[in-house]
Amino acid sequence: MNGRDQILSSRTGVTCWKSSQHPLFTSLISVIGSGTLAHKDNFLSAFTAGKKRKKPWIVDSGASDHMTGDATIFDTYSSCPNNLTVRIADGSLSKVAGTGSVVLSRDLTLNSVLLVPNLDCNLLSISKLTKEKRCITNFSSTHCEFQDLDLGKTIGNAEECSGLYILKERHDPQEQPQMTVGQAVLTAAYLINRMPSRSPITTENHIPPESFNQPESIVDLWDKEHIQEETEERALSQQTHEAEPGPNPSKLPGNNAPDGTVDSELENDILNMPIAWRKGVRSCTQHPIGNFISYDKLSPTFRAFTSSITEIQVPQNIHEAFKYPKWKAAVDEEVRALEKNGIRLGWSPKDSPNPMALTIKKLLLQLPSSILFVVLLSLAANLDWSLHQLDVKNAFLNGDLEEEVYMDIPAGLETTSNFNKVCRLRKSLYGLKQSPRAWFERFTKVVKRYGFVQCQSDHTLFVKHFPEGKLAIIIVYVDDIILTGDHEEKIDLLKKLLTKEFEIKDLGNLKYFLGMEIARSKKGIAVSQRKYVLDLLNETGMLGCKPAETPMDTTVKLEESDGSAPIDKGRYQRLVGKLIYLSHTRPDIGFSVSVVSQFMNNPTEKHMTAVIRILRYLKMTPGKGLFFQRTTKKEIEIFSDADWAGSVTDRRSTSGYCSFVWGNLVTWRSKKQSVVARSSAEAEFRAMAQGICEGIWLNRLLEELRVPLKHPMVLYCDNQAAISIAKNPVHHDRTKHVEIDRHFIKEKIEEGVFKVSYTPTNCQTADILTKALARVNFEDLTENLE
């Protein structure tokens with residue numbers, strides 16, 4: 001009789017059945033491994049495993065890699081070069097001895113774990129885990145959990161302890177928590193005693209179910225040595241219990257009486273069953289993100305393209321980029337481009353008295369308005385223009401640097417020879433505030449030399465008209481270039497000319513541009529930011545949240561001092577900033593984003609709740625965007641509206657307008673007015689003036705492109721008083737506070753540039769940009785925007 005054939009140690013003198021007589025106990029023993037079980041007063045009192053307790057894993061949001069100082073926990077291991085170092089929390093550099101994989105549980109294995117001998121703790125990197133395992137992290141004040149996106153289950157969790165989140169090891173075949181194993185043994189023993197069995201199991205030692213309902217049945221956990229001492233000092237008495245028959249199979253759940261009722265005996269049997277029988281299978285979320293994403297309507301080629309960009313993960317730093325072959329190849333290509341442009345590092349003393357010395361930091365580059373891009377998409381859909389995308393390699397290196405500029409040595413290039421020195425720039429680089437302007441000036445000179453004209457409506461737009469009535473258009477967004485028009489031969493020639501001047505990469509037809517996904521079919525052009533939305537939900541841990549049908553609650557009115565607790569201002573600003581960029585293709589969130597962006601300086605929990613509501617709505621509609629289709633309309637239509645005194649903070653009104661070019665939505669805006677309106681007509685009048693200004697700009701743009709346009713442009717308003725003021729040539733004292741706007745609108749109407757028409761409120765498309773709407777109204781107006 002060996003340890004595998006007998007559950008209790010033979011030293012206890014207790015007669016027991018063999019584990020091989022029942023498959024459930026066999027599988028249980030195979031899971032928990034070898035250990036010591038003691039039988040005390042007819043109750044299972046102890047279980048211990050053979051391994052000693054290891055240091056816990058600390059969940060670290062700031063760590064770039066998983067790190068540990070314990071070399072004994074690795075399942076696979078390989079040594080690293082001696083010169084590899086890592087900077088730890090105290091700011092010091094520590095050598096990395098090697099790297100390998102660590103198995104924490106059946107569902108969680110950490111790869112590329114760094115062995116840092118000087119480290120006295122285990123660090124689990126959130127950024128690395130979420131990228132490798134395709135999981136999300138949900139944090140609360142007491143715990144956090146990791147949820148696998150593909151499998152839809154929780155693969156790990158941690159509990160808050162003294163300000164740190166400590167990972168809980170779970171479901172490990174070789175090292176189960178002792179309390180978990182003890183409870184598993186109790187449940188398994190109870191199941192075996194209660195189950196109807198066909199195998200000849202000895203019944204004299206069955207544990208009665210009543211013993212599991214008494215306080216003494218709680219499992220006491222001891223060290224193995226302590227158990228051995230106890231068993232040697234105390235002999236366990238053996239008692240025989242009558243076998244209790246299991247529940248009748250005919251009375252198990254699902255086998256009810258003929259009349260559909262469950263008798264009391266069956267109900268008692270069900271209640272006496274362990275919770276493992278009575279409770280169903282849990283899921284990590286009732287609203288998996290897969291229920292809100294569909295690729296069925298995409299063509300096979302674009303479906304494959306969408307899947308490929310979804311898998312792309314952008315490294316957070318250069319060390320992480322070097323771990324991926326494709327990213328390393330991209331870095332090497334950039335370095336070769338630098339060398340090709342003659343970039344060399346020249347060292348100067350760091351105490352140089354030159355006042356132009358500075359440290360280069362990452363700056364947010366101001367991109368041109370996305371309105372121009374959207375307008376051209378509408379024209380391309382109607383006129384069947386092709387869309388091509390080019391990328392300029394090391395665009396800023398093509399700019400001529402006029403000033404003498406110094407910079408700190410880049411991270412990772414510090415050596416003993418260049419200590420206490422700086423770099424002198426001979427070419428403009430990314431991050432230098434002079435670089436965008438220097439590059440753009442160089443590009444402008446080149447395209448003008450080829451006969452292109454810089455448009456006055458937008459300086460990033462260049463157009464060239466040909467005698468046969470065709471044209472070619474260039475749009476520049478820093479180092480990304482879009483070519484469109486109806487003269488394919490000239491566009492191909494332009495690509496060759498630009499290749500001679502710059503390092504150009506032809507990306508083919510426009511598919512993915514500045515986070516926007518572009519799909520084209522015979523029906524039109526669709527634009528969305530699906531990947532951007534999914535990445536945002538993943539970053540914020542909202543992939544499993546309950547979706548919302550509208551982006552804002554109609555009963556909530558936000559104000560600056562709402563009495564709720566303040567929150568992290570930096571996190572709030574970053575999140576709202578990303579929502580602002582998302583609103584470039586999502587007019588349905590235009591108003592809600594405009595509202596939450598008004599509280600950037602002092603955000604509170606109530607403001608963050610409103611932001612979370614927007615994210616919940618985005619989960620409901622991650623792929624929603626714009627659709628540009630071919631229409632018979634050749635005019636510009638503008639809808640303007642205002643919510644009078646809608647702000648509870650200062651009682652200012654909110655203006656909203658949206659414009660359609662050739663039947664497609666191209667521009668929209670939601671903005672709080674700068675002054676308080678004394679009447680609803682005054683608020684509507686100011687909104688009309690803003691809409692007319694937008695229409696004038698669109699008209700000027702189309703004139704420079706020589707695109708035919710039907711005049712006059714139409715402005716729709718749902719306020720009869722505002723329309724009467726616009727059409728009435730007589731000046732009243734009641735309108736003197738909007739006199740400038742009145743004269744401006746009156747002048748454009750008399751010139752025949754605009755005509756004002758009335759539209760009912762339920763058909764006012766701009767109403768969605770001025771206030772929070774109920775679901776039915778919101779969905780109706782959203783359909784008008786698409």
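Start at Cys658: its bridge partner in strand E30 is Trp668. Strands here, like helices, are DSSP runs numbered from the N terminus, with at least two residues for a strand (E) and at least four for a helix (H or I). A word on the source: this is a predicted model, where local features need pLDDT of at least 70 and side-chain atom pairs count only at pLDDT 80 or more, while totals for chains, interfaces and linings use all residues. Residues are numbered from 1 along each chain as its sequence is written, and side-chain values use heavy atoms, leaving out hydrogens and water.

Back to the strands. E29, residues 654–661, pairs with E30 in the antiparallel sense, over eight bridges. Pairing means that DSSP finds at least two bridges between two strands. E29 and E30 make a hairpin with two residues between them. In that turn, Trp662 has a positive phi of about 55 degrees.

Now the whole sheet. It is open, with five strands in the order E30-E29-E28-E31-E32, and the pairing is mixed. Which strands stand at the edges? E30 (664–672) and E32 (754–758); each has a single partner strand, so one side of each lacks a neighbour in the sheet. On average, neighbouring strands are turned by 20 degrees against each other, direction ignored.

In E28 (residues 636–643) and E31 (residues 713–717), the strands run parallel and are joined by three bridges. Glu637 stands opposite Val714 of E31. Helix H18, residues 720–727, lies across E31 and E32, at about 150 degrees to E32. Such angles run from 0 to 180 degrees between N-to-C directions, with axes fitted to C-alpha atoms, for helices over the stretch in contact. Contact means heavy atoms within 4.5 Å.

Next, a helix pair. H13 (residues 530–540) and H14 (residues 569–582) pack at about 165 degrees, axes 11 Å apart. They are therefore roughly antiparallel, a label for angles over 145 degrees; under 35 is roughly parallel, 65 to 115 roughly perpendicular, the rest oblique. Who makes the contact? From H13: Tyr532, Val533, Leu536, Glu539 and Thr540. From H14: Leu575, Lys578, Leu579, Tyr581 and Leu582.

Last, the aromatics. There are 13 aromatic pairs in the structure. Rings of Phe, Tyr and Trp (its six-membered ring) pair with centres within 6.5 Å; planes under 30 degrees apart are stacked, over 60 edge-to-face, the rest tilted. Phe443 and Phe462 are edge-to-face, 6.0 Å centre to centre, with 70 degrees between the planes. This pair links distant parts of the chain, 19 residues apart: Phe443 sits in helix H11 (residues 435–449), Phe462 in strand E20 (residues 461–465).
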